[in-house]
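User: I am a first-year student and would like a close look at a single part of this molecule, explained step by step. Please choose one part, stay with it for most of the answer, and then place it within the whole chain.

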Amino acid sequence: LTDSKNPLTSFMYRLSEAPGLQFFKNVILVASPQDGYVPFYSARIEVHSRSLKDTKQGSVHLAMVQNLLRPLQEAGTNLVRLEVHFHIQGKGLDGTIKRAAHIMLLECIPFIRHVLTLTKDYFT
């Protein structure tokens, strides 16, 4: 939201207004609270409690969530939120900067296969 002086004209806000997700029958959001790159509430398209108290940007965040969810509700799209926790061994650089869970969400083939197996009924 920092790419514009007016958050309502920022790229991310305009993207929240764009159609797209409602064209799917099912939308599955996978998020980990261990992910230090993508905020948990953001990956799940939810309002964070801080947003409700934020007098400067809170209404913008709330509007973005509504922009994304309202079309899903109107289209009857099934929204599923999966919360994932990883057993991350050792810290290392990835663990220190909280990147390990983010990478596992994207690149761990056994994890991806597991999620696809658990959600296969949504794709038939």
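**A loop and its salt bridges**

Analyst: Glu 46 is partly exposed, with a relative accessible area of 26%. Please keep in mind from the start that what you are looking at is a predicted model, and that the values below are computed from it. Glu 46 sits in the loop between helix 2 and helix 3, and this loop is the part I would like to examine with you. In sequence, helix 2 covers residues 40–43 and helix 3 covers residues 49–53, and the stretch between them is where you should point your view.

We can begin with charge, since the side chain of Glu 46 takes part in salt bridges with Arg 44 and with Arg 81. As a general point, side chains of opposite charge can pair when their charged atoms come close. In the pair formed by Arg 44 and Glu 46, the distance from nitrogen to oxygen is 3.1 Å, and in the pair formed by Glu 46 and Arg 81 the corresponding distance is 3.6 Å. Each pair counts as a salt bridge because the cut-off asks for a side-chain nitrogen of Lys or Arg within 4 Å of a carboxyl oxygen of Asp or Glu. The structure holds two salt bridges, and through them Arg 44, Glu 46 and Arg 81 are linked in a network.

The partners in this network deserve a careful look in turn. Arg 44 has a relative accessible area of 13%, so Arg 44 is described as buried, the cut-off for that word being under 20%. Arg 81, with a relative accessible area of 30%, is partly exposed, which is also the description given to Glu 46 at 26%. Arg 81 belongs to strand 2, which runs over residues 78–83, and since Glu 46 and Arg 81 are 35 residues apart, their pair links distant parts of the chain.

Between the two charged residues Arg 44 and Glu 46 you will find Ile 45, which lies in the loop we have been following. Ile 45 has a positive phi of about 50°, although Ile 45 is not a glycine. To see what is notable about that, recall that most residues other than glycine have a negative phi. Is Ile 45 buried or exposed? Ile 45 counts as buried because its relative accessibility is 10%.

Val 47 is also found in the loop between helix 2 and helix 3. Its relative accessible area is 32%, so Val 47 is partly exposed. If we leave aside residues up to four places away in sequence, Val 47 touches Leu 52, Leu 62 and Val 65. The first of these names, Leu 52, falls in the range of helix 3, 49–53. A further distance helps you to orient yourself, for the C-alpha atoms of Val 47 and Leu 79 are separated by 15 Å, with their positions 32 residues apart along the chain.

Having followed the loop, we can now step back to the whole chain. The protein chain contains seven helices and two strands, and from the N terminus on these elements run α-β-α-α-α-β-α-α-α. Measures of extent and burial complete the picture: the C-alpha trace spans about 40 × 40 × 25 Å along its principal axes, and buried residues make up 27% of the 124 residues. Among contacts between residues at least 6 apart in sequence, 67% join residues at least 24 apart. The accessible surface comes to about 8700 Å², and 58% of that surface belongs to carbon and sulfur atoms. Returning to charge, the chain carries 14 positive and 10 negative charges, and the mean positions of these two sets are 2 Å apart.

Finally, a contrast from another region may be useful for comparison with the loop. Phe 11, Met 12 and Leu 15 form a nonpolar patch on the surface, with about 300 Å² of accessible area together. Met 12 is placed in helix 1, residues 11–17, and is partly exposed at a relative accessible area of 44%. Ser 10, in the segment before helix 1, counts as buried because its relative accessibility is 0%. Phe 23, in the loop between helix 1 and strand 1, counts as exposed at 64% relative accessibility.

Notes: Residues are numbered from 1 along each chain as its sequence is written. This is a predicted model: local features need pLDDT of at least 70, side-chain atom pairs count only at pLDDT 80 or more; totals for chains, interfaces and linings use all residues. Side-chain values use heavy atoms; hydrogens and water are left out. Patches are made of residues with over 30% relative accessible area and no salt bridge: like charges are joined within 9 Å, nonpolar side chains (Val, Leu, Ile, Met, Phe, Trp, Tyr) within 5 Å. Accessible areas come from the Shrake-Rupley method with a 1.4 Å probe; for residues, only the protein chains shown count as cover. Helices (H or I, at least four residues) and strands (E, at least two) are DSSP runs, numbered from the N terminus. Buried means under 20% relative accessible area, exposed over 50%, partly exposed in between (1.4 Å probe, protein chains only). Contact means heavy atoms within 4.5 Å. Lys and Arg count as positive and Asp and Glu as negative; His and the chain ends are not counted. The place of a charge is taken as NZ of Lys, CZ of Arg, CG of Asp or CD of Glu.
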